[in-house]
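Me: I have a structure open and would like to go through the reasons behind some of its labels. Could you help me with that?

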Amino acid sequence: MTAGIPTSRIDTSKPHPARVYDWLLGGKDNYPVDQEVGEKLPAEARANAARNRAFMHRASAWLAREGVDQFLDIGTGIPTAPNLHQIVQAVTPRARVVYADNDPIVLRHAEALLISSPEGATDYIHADVRRPEAILERAAEFLDFGRPVALSLIALMHFLPDDQDPYGIARRLVATLPSGSYLVLSHGTADQHPELRQETESAYRKGAIALRMRTRSEVEPFFDGLELVAPGLVSATEWHRDESAPVYERSGFYVGVARVP
């Protein structure tokens, strides 16, 4: 393990969202308990996970082309190439990227997340988004919060039920960002697949994974006080900046990129 990164035991008796997502993307770093949850999800879930990840690629590359060279990715998940730093450093080799996740299996793969371009740098924080101050304190040792930072919350906040204050957590994270920074967010919803809602919620509930899919009006508050860039808050397949959008496909995710004024 990379020097300075602590070890943590992986609990293979309980499923974890990061490992279920890895299974959905066709990865191998998951366990029978995670596969059991994934297999109970609607068949469309695999395609939706890929659509969500493709949004992350497009949004990160666009931000790098816009001159953003600092990224804080919370809820990183298990490394699946290309990772965020590979996307942005292909555009801006000097980019600095901090990853954060609370799953010990992601910690085990941190070395893969730390392979940076020679000009840039990457770091990994083993921490939970529900402790935003701890993440920000560590990230500030690596990123310059006097300059714009892109904060990524990809497929994360729907795992925080309302009583864990997801909006407050997002506000605390965004409040630290200087003007010209960006929030990149994707959030699970049943709006686009109402017929699959019960099956999806049941699969996660049986795996004892909290899931709070939200409507469009419930996702909008994550962007309060920010300036949504075109095309706004849309389905994952609809978010395009530098190329024409493909034919609309439901994705099970609302996504948006917003600038800190």
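Me: Which helices do the buried residues of α1 pack against?

Reply: Happy to help, and please keep in mind that this is a predicted model. The buried residues of α1 pack against α2 (32–40), α3 (44–65), α5 (104–108) and α9 (197–206).

Me: What makes helix α1 count as largely enclosed?

Reply: Helix α1 covers residues 17–24, and 7 of its 8 residues are buried, so the rest of the structure largely encloses it. Those buried residues are Ala 18, Arg 19, Val 20, Tyr 21, Asp 22, Trp 23 and Leu 24. Just after α1, Gly 26 has a positive phi of about 85 degrees.

Me: Trp 23 is on that list. Which residue lies over the face of Trp 23, and what makes it count as a charge over a ring?

Reply: That is Arg 46, at 4.0 Å from the ring centre. The distance limit is 6 Å, and the direction must also be within 35 degrees of the ring normal. Arg 214 lies over the face of Tyr 167 in a similar way, at 5.8 Å from the ring centre.

Me: Why is the pair of Phe 55 and Trp 239 called edge-to-face?

Reply: By the ring rule there are 5 aromatic pairs. In the pair of Phe 55 and Trp 239, the ring centres are 5.7 Å apart and the planes stand at 80 degrees, so the pair is edge-to-face. The cut-offs behind this are centres within 6.5 Å and planes over 60 degrees apart. Phe 55 belongs to helix α3, while Trp 239 sits in the loop between β7 (234–235) and β8 (253–259), so the pair ties together parts that are 184 residues apart in sequence. Ring pairs also join Phe 55, Trp 62, Tyr 182 and Trp 239 into a cluster.

Me: How do you know whether Phe 55 and Trp 239 are buried or exposed?

Reply: Buried means under 20% relative accessible area. Phe 55 has 0% relative accessibility, so Phe 55 counts as buried. Trp 239 is at 0% too, and therefore counts as buried.

Me: And Ser 152 and Ser 244: which is buried and which is exposed?

Reply: Ser 152, in strand β4 (residues 150–154), has 2% relative accessibility and so counts as buried. Leaving aside neighbours within four places in sequence, Ser 152 contacts Leu 72, Asp 73, Ile 74, Leu 84 and Val 184. Ser 244 lies in the loop between β7 and β8. With 69% relative accessibility, Ser 244 counts as exposed, since the cut-off for that label is over 50%. Ser 244 is 39 Å from Asp 163, C-alpha to C-alpha, and 81 residues from it in sequence.

Me: Why are α7 and α8 described as roughly parallel?

Reply: Helix α7 (residues 132–139) and helix α8 (residues 166–175) pack at an angle of about 20 degrees, with their axes 10 Å apart. Angles under 35 degrees count as roughly parallel, and α7 and α8 therefore earn that label. The crossing of α7 past α8 is right-handed. Pro 132, Glu 133 and Leu 136 of α7 make the contact with Ile 169, Arg 172 and Leu 173 of α8.

Me: Lastly, what makes Val 219 buried, and which residues does it touch?

Reply: Val 219, in helix α10 (residues 216–219), has a relative accessible area of 0%, so Val 219 is buried. Not counting residues up to four places away in sequence, Val 219 touches Leu 185, His 187, Arg 214, Leu 233 and Tyr 254. The C-alpha atoms of Val 219 and Leu 233 are separated by 8.6 Å.

Technical notes: Residues are numbered from 1 along each chain as its sequence is written. This is a predicted model: local features need pLDDT of at least 70, side-chain atom pairs count only at pLDDT 80 or more; totals for chains, interfaces and linings use all residues. Side-chain values use heavy atoms; hydrogens and water are left out. Buried means under 20% relative accessible area, exposed over 50%, partly exposed in between (1.4 Å probe, protein chains only). Helices (H or I, at least four residues) and strands (E, at least two) are DSSP runs, numbered from the N terminus. Contact means heavy atoms within 4.5 Å. Rings of Phe, Tyr and Trp (its six-membered ring) pair if their centres lie within 6.5 Å; planes under 30 degrees apart count as stacked, over 60 as edge-to-face and the rest as tilted. Axes are lines fitted to C-alpha atoms, for helices over the stretch in contact, and angles run from 0 to 180 degrees between N-to-C directions. Angles under 35 degrees count as roughly parallel, over 145 as roughly antiparallel, 65 to 115 as roughly perpendicular and the rest as oblique. A crossing is left-handed if the near helix is turned anticlockwise from the far one by less than a right angle, and right-handed if clockwise.
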